[in-house]
Amino acid sequence: MIIKISPKIKSSEITVEKDYVRRRSFIKYSALTLASAGLKPLLAQSDKNERNGQPALKYQKNKRYSTTEKQNSWADITGYNNFYEFGTDKSDPKRNARNFKARPWKVRMDGLCQKPGDYDVDDLIRESELEERIYRLRCVEAWSMVIPWLGIPLHKLIKKAVPDSKARFVEFTTLHDPGRMPGQRSGILDWPYREGLRMDEAMHPLTIMAVGLYGKVLPNQNGAPIRLIVPWKYGFKSIKSVVRIRFVEKMPLNTWQQLAPQEYGFYANVNPNVDHPRWSQKRERRIGSFFKIETEMFNGYADEVGSMYASLDLRKWY
Ligand code: MTE
């Protein structure tokens, strides 16, 4: 996501978006050529196999909180990722996270609460009624996708821990294990990756912990086995492979804010009126389509979440 700040990333290691688009059009074109020559489009076939090979999960559709916009393909969602623990190029996580063991996995809930504890991810999945939520994901780099997540509303998990009234914020932490996450052997970020939400944001019904997508168990590159999804905020808030959820009194410092506070704030609400120093936020490109579209306030979720920020200066609190 960050491109110019770290001197440790060689410019040759970064996939510029136009190269990605060109590569994708080439792949599509090759598949077409093969098909018209009467040969099987191998790529489409292997993509389908990959999706079918992933274990399925039981879930209910949640129409109220789902967009009806066209969903991105499995290939887009699992092949174009930001996950620096597995490399800085968008195509790295798929390749480098292939052998990552995401089970067994426990999530610790602790801090200012009455019932701290360790929760096994598969127990959480078994005990929860998983919901499918088709959300827009808008990245600060001005691209976006539409993704059918399977998840557990975060407020249901938080209630298990019974937070104290002093708990005003929630801090999330990714696994720190350089043996399993090769990107953590470099100093690109201050590991482990951390994020935070205000308590009312964490309790909001739109906020979920995702454990799957397209009806299947979450692929490693998308943050297996469990990751946060906050659809009205820029994608970097949606922290992957979470091992700890801590209730705290003070606003936590998130990883990107710590690295470049002039570029990344705590709130990171999608806002077409406040530009990032390096990217205009007025428009976005949906991965897989050529034309740009207007970015909506709070990523289109203003009716649901706008009131939480009524008294906040969104230029100051970006
Ligand atoms: N979580 C961790 N632990 N490490 C990361 O590098 N990248 C973030 C976010 N969560 C990141 C992370 C960014 S910048 C984005 S845009 C989204 O994950 C991308 O999610 P996706 O790859 O599932 O689309």
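**Terms and values in a predicted model**

Reader: What places Asp-123 and Arg-126 about one helical turn apart?

Author: The two residues are three positions apart in helix H5 (residues 121-127), which means that about one helical turn separates them. Helices here are DSSP runs of H or I with at least four residues, strands are runs of E with at least two, and both are numbered from the N terminus. The model is predicted, so local features need pLDDT of at least 70 and side-chain atom pairs count only at pLDDT 80 or more, while totals for chains, interfaces and linings use all residues. Residues are numbered from 1 along each chain as its sequence is written, and side-chain values use heavy atoms, leaving out hydrogens and water.

Reader: Why is the contact between Asp-123 and Arg-126 called a salt bridge?

Author: A salt bridge requires a side-chain nitrogen of Lys or Arg within 4 Å of a carboxyl oxygen of Asp or Glu. For Asp-123 and Arg-126 the N to O distance is 3.0 Å, so the pair meets the rule. Side chains of opposite charge can pair when their charged atoms come close. By this rule the count comes to 21 salt bridges.

Reader: How do you know that strands E2 and E11 are paired?

Author: Two strands pair if DSSP finds at least two bridges between them. Strand E2 (residues 106-111) and strand E11 (residues 242-248) run parallel and are joined by four bridges, so the condition is met. Within this pair, Met-109 stands opposite Ile-245 in E11.

Reader: What makes E3 and E7 edge strands of the sheet?

Author: The open sheet has five strands in the order E3-E2-E11-E6-E7, with mixed pairing. Strand E3 (117-120) and strand E7 (194-198) each have a single partner strand, so one side of each is left without a neighbour in the sheet. On average, neighbouring strands of this sheet are turned by 20 degrees against each other, direction ignored. Helix H6 (residues 154-161) packs on the sheet and touches E2, E3, strand E6 (169-174) and E11, its direction making about 60 degrees with that of E2. Contact means heavy atoms within 4.5 Å. Axes are lines fitted to C-alpha atoms, for helices over the stretch in contact, and angles run from 0 to 180 degrees between N-to-C directions.

Reader: What makes Asn-81 and Glu-85 polar partners of the ligand?

Author: A polar contact is a pair of N or O atoms within 3.5 Å; within protein, one must be able to donate a hydrogen and the other to accept it, and residues adjacent in sequence count only if both atoms are side-chain atoms. A polar side-chain atom of Asn-81 lies 2.9 Å from an oxygen atom of the ligand, and an N or O atom in the side chain of Glu-85 is 2.8 Å from a nitrogen atom of the ligand. Both distances therefore satisfy the limit.

Reader: How many bridges join E12 to E13, and how do these strands run?

Author: Three bridges join E12 to strand E13 (residues 292-294), and the two run antiparallel. One bridge links Glu-284 with its partner Ile-293 in E13. The hairpin of E12 and E13 has five residues between the strands, and there Gly-288 takes a positive phi near 100 degrees.

Reader: What is the omega of the cis peptide bond from Arg-103 to Pro-104?

Author: The omega of this cis bond is near -5 degrees. Pro-104 is in the loop between helix H4 (92-96) and E2.
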